[in-house]
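User: I'd like to learn how to read pockets, cavities, helices and strands in a model. Could you walk me through an example?

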Amino acid sequence: MLHGSPRRVAIVGAKRIPFARSGTAYAQLSNRTMLTDTLRGLVQQYGLEGQLLGEVVGGAVMKHARDWNMVRECVLSSGLHPHTPAYDIQQACGTGLEATILVANKIALGQIDAGIACGSDTTSDAPVGVHRGLQRALMDLNAAKSGGARLKALLRALNPAHLKPELPANAEPRTGLSMGQHAEITAQRYGISRVAQDELALASHQKLAAAYDRGFFDDLVLPYHGLTRDNNLRPDSSAARLAALSPAFARDGSITAANASPLTDGASAVLLASEAWAQAHGLPVLAYITSGEVAAVDYVDEREGLLMAPAYAIPRMLHKQGLTLQDFDFYEIHEAFAAVVLCTLAAWESDAFCRDKLGLAAALGSIDRSRLNVNGSSIAAGHPFAATGGRVVATLAKLLAEKGSGRGLISICAAGGQGVTAILER
């Protein structure tokens, strides 16, 4: 529902905590703790104490049942006005960017003037479920009205076969294959070499380290629990070290622990607003979000790679905006795996893919690789699923602000054969 004329949506601020490898610095922290502290850091940096915002949208992928209203609970402890509404979403690795698009749409439509998109994830505090038999027995025990019914339910609950916990599965429910196994199949289909993957991974570490060294992240990253940088970052990585690692998902595969993003804990938040709101609050505009597009692919029988949906979303978005793939100053393609980045680029360079899959007359073409993930990406920084979108949006917005003009493209693949993409401009 549009109220008035469509408005430009500005990205005016962002904050995240350093990302940490699972089981390290944040091993004892919950999603709620990390996200609350990240929101509080954003509130303090941009003078939002007591401010009533239109809404806060975010979520987590690895989420406990107790966190059914997580973002609202975090908002109530963030320093924002308690009347600020909030709600949770989840679209796997695309959660943070999808939250950004949702908030941006409401601002553009005049429904709200300002809002926050956020996300948090921890695999150190992953939810552990109970056996279905135990769960049903406990529910029946709680509902029992007589002593006999309670005893019957209790005896069922004590069944040794029901005491084995159910750990989160690192696999797609429809295929039983892990994301890495799917990515390995796709890499083989597109002929992506181990050397090319390792080169991209090494560049990710080098670029991220250089960005930290020049102070790029000083106002974006909040020192937290002893960390001032992402602790997965390896500035001393070398091609030789990467080449020495064994394949992680197939005996003769090309994907290793070094050219894939690790399991990671972290949180991020992005402040979006109308131009009028930003001006009234004395906040400079970093960039504008001007377009968003989502897609999904049928990956179950490997008709298409699990993580290839952005290869479909981007062309649709470009067509709607009257742009070509080359009309960008920066490209932020999420490094779930180096292979996925390279497969996506190879698809766009392929006449056959663009003709048969996208219905185009010719290939989209290649990009200037020097503009790709110029400050590193998920292989070096880590990938706390729902927090990655906020990291990417913040990085790209600041790059455009530094340049003073330009356009940037975001591509994030996600579990379930999905993809979330966006365009930022300055």
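Analyst: Happy to; we will take the empty spaces, then two helices, then a strand and its partners. Keep in mind that this is a predicted model.

User: Let's begin with empty space. How much space lies in the largest pocket, and which residues lie nearest its centre?

Analyst: The general idea is that rolling a probe the size of a water molecule over the atoms shows where empty space is left. Here the largest pocket holds about 1,000 Å³ of space. Its lining has 34 residues, and those nearest the centre are Ala 169, Asn 170, Met 179, Leu 263 and Phe 385. By character, the lining divides into 21 nonpolar, 11 polar and 2 charged residues.

User: And what does the second largest pocket look like in terms of space and lining?

Analyst: The second largest pocket has about 250 Å³ of space. Its lining counts 14 residues, with Arg 21, His 205, Arg 234, Ala 257 and Ala 258 closest to the centre. That lining splits into 7 nonpolar, 3 polar and 4 charged residues.

User: How many cavities of 30 Å³ or more does the structure hold?

Analyst: A pocket is open, whereas in a cavity the probe fits but cannot get out. There are 2 cavities of 30 Å³ or more here. The largest cavity contains about 40 Å³, and its lining is made of Arg 16, Phe 217, Leu 220, Val 221, Ser 268, Gly 390, Arg 391, Ala 394 and Thr 395. Helix H14 (residues 388-403) supplies the largest share of that lining, 4 residues. In character the lining is 4 nonpolar, 3 polar and 2 charged.

User: Which residues line the second largest cavity?

Analyst: About 30 Å³ lies in the second largest cavity. Around it are Arg 16, Leu 208, Phe 217, Asn 375, Gly 376, Ala 381, Arg 391 and Thr 395. They divide into 3 nonpolar, 3 polar and 2 charged residues.

User: Now helices. How far apart are the end C-alpha atoms of H7, and what span should its residues give?

Analyst: Helix H7 (residues 194-213) has 20 residues, and at 1.5 Å a residue they should span 28 Å; the end C-alpha atoms are 29 Å apart, which agrees. Helix H6 can be read in the same manner: its 12 residues reach 17 Å from first C-alpha to last, close to the 16 Å expected.

User: Which residues of H7 are buried, and what do they pack against?

Analyst: For the general idea, an α-helix has 3.6 residues a turn, so residues three or four places apart point the same way. In H7 the buried residues include Gln 197, Leu 200, Ala 201, Ser 204, His 205, Leu 208 and Ala 211. The buried residues of H7 pack against strand S1 (9-16) and helices H6 (179-190), H8 (239-243), H11 (338-349) and H13 (378-381). After H7 comes Gly 215, with a positive phi near 85 degrees.

User: What about H6: which residues are buried there?

Analyst: In H6 they are Met 179, Gly 180, His 182, Ala 183, Glu 184, Thr 186 and Ala 187, and these pack against H7 and H11. Take Thr 186 as a single case: its relative accessible area is 4%, so it is buried. Setting aside residues up to four places away in sequence, Thr 186 touches Glu 302, Gly 305, Leu 306, Met 308 and Cys 343. Just after H6, Gly 191 has a positive phi of about 70 degrees.

User: Where is Ser 193 placed, and why does it count as partly exposed?

Analyst: Ser 193 sits in the loop between H6 and H7. It counts as partly exposed because its relative accessibility is 36%, and that class runs between 20% and 50%. Its C-alpha atom is 9.6 Å from that of Gly 253, although the two are 60 residues apart along the chain.

User: Last, strands. Why is S9 said to be largely enclosed, and which strands does it pair with?

Analyst: In general, the side chains of a regular strand alternate between the two faces of the sheet. For strand S9 (residues 407-414), 7 of the 8 residues are buried, so the rest of the structure largely encloses it. Strand S8 (residues 330-333) pairs with S9 in the parallel sense over 4 bridges, and Glu 332 stands opposite Ile 410 in S9. Strand S10 (residues 418-425) runs antiparallel to S9, joined by 8 bridges, with Thr 421 in S10 as the bridge partner of Ser 411. S9 and S10 make a hairpin with 3 residues between them, and Gly 416 in the turn has a positive phi of about 75 degrees.

How values were computed:
Residues numbered from 1 in each chain as written. Predicted model: local features only at pLDDT ≥ 70, side-chain atom pairs only at ≥ 80, totals over all residues. Heavy atoms only, no water. 1 Å grid on protein atoms, 1.4 Å probe; cavity = no way out; pocket = protein on both sides within 12 Å on 5 of 7 lines; lining within 4 Å. Points joined across faces, edges and corners; volume = space filled by probe spheres on them. Nonpolar A, V, L, I, M, F, W, Y, C, P; charged D, E, K, R; others polar. Buried < 20%, exposed > 50% of the residue type's maximum accessible area, 1.4 Å probe, protein only. Helix = DSSP H or I, 4+ residues; strand = E, 2+ residues; numbered from the N terminus. Pairing = 2+ DSSP bridges. Expected span 1.5 Å × (residues − 1). Contact = heavy atoms within 4.5 Å.
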